[in-house]
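Please look through the structure below with patience, turning it slowly as you read. The paragraphs that follow go from its pockets to its surface and then to single residues.

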Amino acid sequence: MPYRSWSHTEILGAVSGFSALCGSLHYLLKVEEGKPFSWRELALHGMISAMCGLISYEILSYEGFPQELCGALSGLAGWGGTRLIRVLEIVINKKLGINKDDLK
């Protein structure tokens, strides 16, 4: 098969799809562990994971890493991106002294 160079748009599409797939698999693993299934949560998890993957790809690409590595690491970002965002939310809330009652 001849080598074909992908456009930036094609790469972003592949990266976001791969990240969304990894994030959806992460959610389905949580369902297997006992969490109740929700189509809404699955879609939301996939969209957040796709965004995390795109952000990580752009940062890594900007830093000059090879496209293949950027794509693989964006999949990892898709897998753990939603958890990272939640951890950051908790840390920021603690630093600002905000508790759950303040958010209601």
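Sorted by class, the residues that line the largest pocket are six nonpolar, three polar and two charged ones. The model in which this pocket appears is a predicted one, and the space inside the largest pocket comes to about 260 Å³. The lining is made by 11 residues, and those closest to the centre of the pocket are W6, I11, Y57, Q67 and E68. If you ask which elements give two or more residues to this lining, the answer is α1 and α3, the latter covering residues 67-96.

A general remark may help with the idea of a pocket: when a probe the size of a water molecule is rolled over the atoms, it shows where empty space is left.

The second largest pocket, with a volume of about 200 Å³, has a lining made by Y27, K30, E41, L44, H45, I48, T82, R83, I85, R86 and E89. Here the elements that give two or more residues are α1, α2, which covers residues 39-62, and α3. The largest share of this lining comes from α3, which gives five residues. By class, the lining of the second largest pocket holds four nonpolar, two polar and five charged residues.

From the pockets we can turn to the surface. Which residues make the nonpolar surface patch of about 800 Å²? They are F18, L21, L25, L28, L29, F37, W39 and W79. Helix α1, which covers residues 8-32, gives the largest share of the nonpolar patch, namely five residues.

One member of this patch, L25, has its place in helix α1. L25 counts as partly exposed because its relative accessibility is 43%, and the partly exposed class lies between the limits of 20% and 50%.

A77, which lies in helix α3, can be read against the same kind of limit. Is A77 buried or exposed? Its relative accessibility is 18%, and therefore A77 counts as buried, since buried means under 20%. Along the chain A77 and C22 are 55 residues apart, yet in the model a distance of 8.6 Å separates their C-alpha atoms.

To go back over the path, you may find L25 in helix α1 and A77 in helix α3, and then return to the two pockets, where α1 and α3 are among the elements that give two or more residues to the lining of the largest pocket and also to that of the second largest pocket.

Note on methods: Residues numbered from 1 in each chain as written. Predicted model: local features only at pLDDT ≥ 70, side-chain atom pairs only at ≥ 80, totals over all residues. Heavy atoms only, no water. Patch = residues over 30% accessible without salt bridge, like charges linked within 9 Å, V, L, I, M, F, W, Y side chains within 5 Å. Areas by Shrake-Rupley, 256 points an atom, 1.4 Å probe, with all protein chains shown as cover. Salt bridge = Lys/Arg side-chain N within 4 Å of Asp/Glu carboxyl O. Helix = DSSP H or I, 4+ residues; strand = E, 2+ residues; numbered from the N terminus. Buried < 20%, exposed > 50% of the residue type's maximum accessible area, 1.4 Å probe, protein only. 1 Å grid on protein atoms, 1.4 Å probe; cavity = no way out; pocket = protein on both sides within 12 Å on 5 of 7 lines; lining within 4 Å. Points joined across faces, edges and corners; volume = space filled by probe spheres on them. Nonpolar A, V, L, I, M, F, W, Y, C, P; charged D, E, K, R; others polar.
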